Amino acid sequence: MTNQFAIPTAPTSSITPVLARNRAFAAAGGHKNAVVFPNLRLFVITCLDPRVDPAHFLDLELGDAIVVRNVGGRVTQEVINDVAFIAQIAENVLPEGPLFEVAVIHHTQCGAGAFADATFRRTYARRIGADEADLRDHAVLDPAATVASDLERLSSAPAISERVTFSGYVYDVLTGLVQTIVPALRKNNDSEPAAATIRIGSASS
Ligand SMILES: [Zn+2]
């Protein structure tokens, strides 16, 4: 039985050329020796912008890190739940000590700046059935500031194990360089007060 979704496999498909690359990847054994718990004990949250692929700008190998990408690389409730999920699994494997580090990386020239535009925001809110006011907070205009506020949100989330550490960065798409905004810190009960993260973030540009 055929259905309409099975028909367009033609050479016009965008994925056809990369499926050929996949054959080469598998033939070369690229998938071998990858492990499920990330080699670097690193969990990256960043933007889905194609210029901002951490496999490239952080030179990550397969299995090095868990990567979650969304519009802007924002710490949404779904992202908090994902971190809590991985932390709970890691707690079962590692009975004590630090589990892994969550690195939030926002970037310059981020398309999530579109959320600052009222017309765009109104149309999009209607389209996805969201509250327009909530969407305003998703804008990334000053990536150092949004990284700092997202770090605050992450590190104060009760769902996430206190054995997780957090850090925040800005990736510059023009220079290719990553700048540290918030150095690695434990949850809010750590020696580094969370309030410091906001001060650092807003001082940068
Ligand atoms: Zn972006």
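This is a short walk through one predicted chain, from its confidence scores to its sheet, its helices and its core.

Hi everyone, thanks for coming. Since the model is predicted, let me begin with confidence. The average pLDDT of the chain is 88, and 86% of the residues score at least 70. The stretch to watch is residues 190–205, where pLDDT is below 50. That stretch still has 27 contacts in the model beyond near neighbours in sequence. Where pLDDT is low, though, the predicted coordinates should not be read in detail, so I'll leave that part alone.

Now the overall layout. We have seven helices and five strands. Reading from the N terminus, the elements go α-β-α-β-α-β-α-α-α-β-β-α. Of the contacts in the chain with a separation of 6 or more, 67% are between residues 24 or more positions apart. As for burial, 25% of the 205 residues in the chain count as buried.

On to the sheet. In what order do the five strands lie? The order is 2-1-3-4-5, in an open sheet with mixed pairing. At the edges sit strand 2, residues 65–70, and strand 5, residues 178–185, and each of them pairs on one side only. From one strand to the next, the twist averages 15 degrees.

Let's look at strand 4 with its two partners. On one side, strand 3 (residues 101–107) pairs with strand 4 (residues 165–171) in the parallel sense, over seven bridges. Two positions to find on your screens: A103 has S167 in strand 4 as its bridge partner, and H107 stands opposite Y171. On the other side, strand 4 and strand 5 run antiparallel and are joined by five bridges. There, F166 has L185 in strand 5 as its bridge partner. The hairpin of strand 4 and strand 5 has six residues between the strands, and in this hairpin G176 takes a positive phi near 80 degrees. Strand 4 is also mostly covered, with six of its seven residues buried.

What about the helices? Helix 3, residues 77–93, packs on the sheet and touches strand 1 (42–47), strand 2 and strand 3. The direction of helix 3 makes about 165 degrees with that of strand 2. Helix 6, residues 143–155, packs on the sheet too, touching strand 3, strand 4 and strand 5, and its direction makes about 165 degrees with that of strand 4. Helix 4 gives us another picture: this helix, residues 118–128, is hardly covered, with one buried residue among its eleven. Right after helix 4 comes G129, with a positive phi near 70 degrees.

Last stop, the core. In soluble globular proteins, nonpolar side chains tend to be buried together. Here the largest nonpolar core has 34 residues, and the members that touch the most others are V83, V102, V104, V147 and L154. Two or more residues each come from strand 1, helix 3, strand 3, helix 6, strand 4 and strand 5. Which element gives the largest share of this core? That would be helix 6, with five residues.

If you want one residue to click on, try V104. Leaving aside neighbours within four places in sequence, V104 is in contact with I45, G73, V75, V147, D150, L151, L154 and G168.

That's my tour, and I'm happy to take questions.

Key: Residues numbered from 1 in each chain as written. pLDDT = per-residue confidence, 0-100. Contact = placed C-beta atoms within 7 Å. Pairing = 2+ DSSP bridges. Helix = DSSP H or I, 4+ residues; strand = E, 2+ residues; numbered from the N terminus. Axes fitted to C-alpha atoms, helices over the stretch in contact; angles between N-to-C directions. Buried ≥ 20, exposed ≤ 12 C-beta atoms within 10 Å, placed from the backbone. Core = buried A, V, L, I, M, F, W, Y, C linked by C-beta atoms within 7 Å.
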